[in-house]
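I opened a fresh notebook page for a structure that was new to me. Here is what I looked up, in the order I went.

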Amino acid sequence: AAGAAEDDGPVKSDEVIKIESKQLRGTLKEALDDVTTGQVPFHDTKTIKTHGSYQQDDRDLREERQKLGIENAFSYMIRVRLPAGYCTAEQWIAMDDTCGKYA
């Protein structure tokens, strides 16, 4: 579980992943529906990056969790497009609500 990246076979180029990912959908639905893990499989991390989301694990907890034989503590960063860095109050509240709901 902790080192799942090596379970996905040889590393593929970004272009090959895009071609094989069902128009950049990959297996994200299946991965996100899997409540047994907080991790998106390695091959889907390339797909989520094209949609502006990034998977990270807590480096401070990595070694301890590996010793315990449990998966890394994953979190996600989602990039949003804000032209000129501007958003309305309604957009800010929607982002804040989303963070509160899923954090």
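**Entry 1: Thr-45**

I began with one residue and asked what Thr-45 touches once residues up to four places away in sequence are not counted. I found Val-40 and Gln-55. Thr-45 sits in helix α3. I then checked its cover: Thr-45 has a relative accessible area of 11%, so I noted it as buried, the cut-off being under 20%. I also followed its side chain, which reaches the backbone oxygen of Phe-42 at 2.6 Å.

I should say here that I am reading a predicted model.

**Entry 2: Thr-50, in the same helix**

Next I moved along to Thr-50, which is placed in helix α3, residues 42-50. Is Thr-50 buried or exposed? I found something in between: its relative accessibility is 37%, so Thr-50 counts as partly exposed.

Its side chain reaches the backbone oxygen of Thr-47 at 2.6 Å. Setting aside neighbours within four places in sequence, I saw Thr-50 in contact with Lys-18 and Leu-24. I also looked up its distance to Asp-14: the two are 36 residues apart in sequence, and their C-alpha atoms are 9.9 Å apart in space.

**Entry 3: stepping back**

Then I wanted the overall layout. I counted 5 helices and 2 strands in the protein. Starting at the N terminus, I read the order as α-α-α-β-α-β-α. The C-alpha trace spans about 45 × 35 × 25 Å along its principal axes.

Of the 103 residues, 17% are buried. I also looked at contacts between residues at least 6 apart in sequence, and 43% of these join residues at least 24 apart.

**Entry 4: confidence**

How far can I trust what I see? I noted an average pLDDT of 83 for the protein, with 91% of the residues scoring at least 70. Confidence is lowest in helix α1, residues 14-20, where the mean is 76, and highest in α4, at 95. Over residues 1-5 the pLDDT is below 50, and this stretch has 8 contacts in the model beyond near neighbours in sequence. I wrote myself a reminder that where pLDDT is low, the predicted coordinates should not be read in detail.

**Entry 5: helix α4**

The high score of α4 made me look there next. How many of its 10 residues are buried? The count is 0, and I wrote down that α4, residues 59-68, is hardly covered.

I checked both ends too. At the start of α4, a side-chain oxygen of Asp-58 comes to within 2.9 Å of the backbone nitrogen of Asp-60. Just after the helix, I found Gly-69 with a positive phi of about 75°.

**Entry 6: the largest pocket**

Last, I went looking for open space. The largest pocket has a volume of about 710 Å³. Which residues lie nearest its centre? I listed Ser-53, Tyr-76, Met-77, Ile-78 and Tyr-102, out of 22 that line the pocket.

I sorted the lining by kind and got 14 nonpolar residues, 7 polar and 1 charged. By element, α2 (28-33), β2 (74-78) and α5 (89-102) each supply at least two lining residues. Strand β2 gives the most, with 5 residues.

How values were computed:
Residues are numbered from 1 along each chain as its sequence is written. This is a predicted model: local features need pLDDT of at least 70, side-chain atom pairs count only at pLDDT 80 or more; totals for chains, interfaces and linings use all residues. Side-chain values use heavy atoms; hydrogens and water are left out. Buried means under 20% relative accessible area, exposed over 50%, partly exposed in between (1.4 Å probe, protein chains only). Helices (H or I, at least four residues) and strands (E, at least two) are DSSP runs, numbered from the N terminus. A polar contact is a pair of N or O atoms within 3.5 Å; within protein, one must be able to donate a hydrogen and the other to accept it, and residues adjacent in sequence count only if both atoms are side-chain atoms. pLDDT is the predictor's confidence in each residue, from 0 to 100. Contact means heavy atoms within 4.5 Å. On a 1 Å grid over the protein atoms alone, a cavity is a set of points where a 1.4 Å probe fits but cannot get out, and a pocket is an open set with protein on both sides within 12 Å along at least five of seven lines; lining residues have an atom within 4 Å of a point. Grid points are joined across faces, edges and corners, and a volume is the space filled by probe spheres set on the points. Ala, Val, Leu, Ile, Met, Phe, Trp, Tyr, Cys and Pro count as nonpolar, Asp, Glu, Lys and Arg as charged, and the others, Gly among them, as polar.
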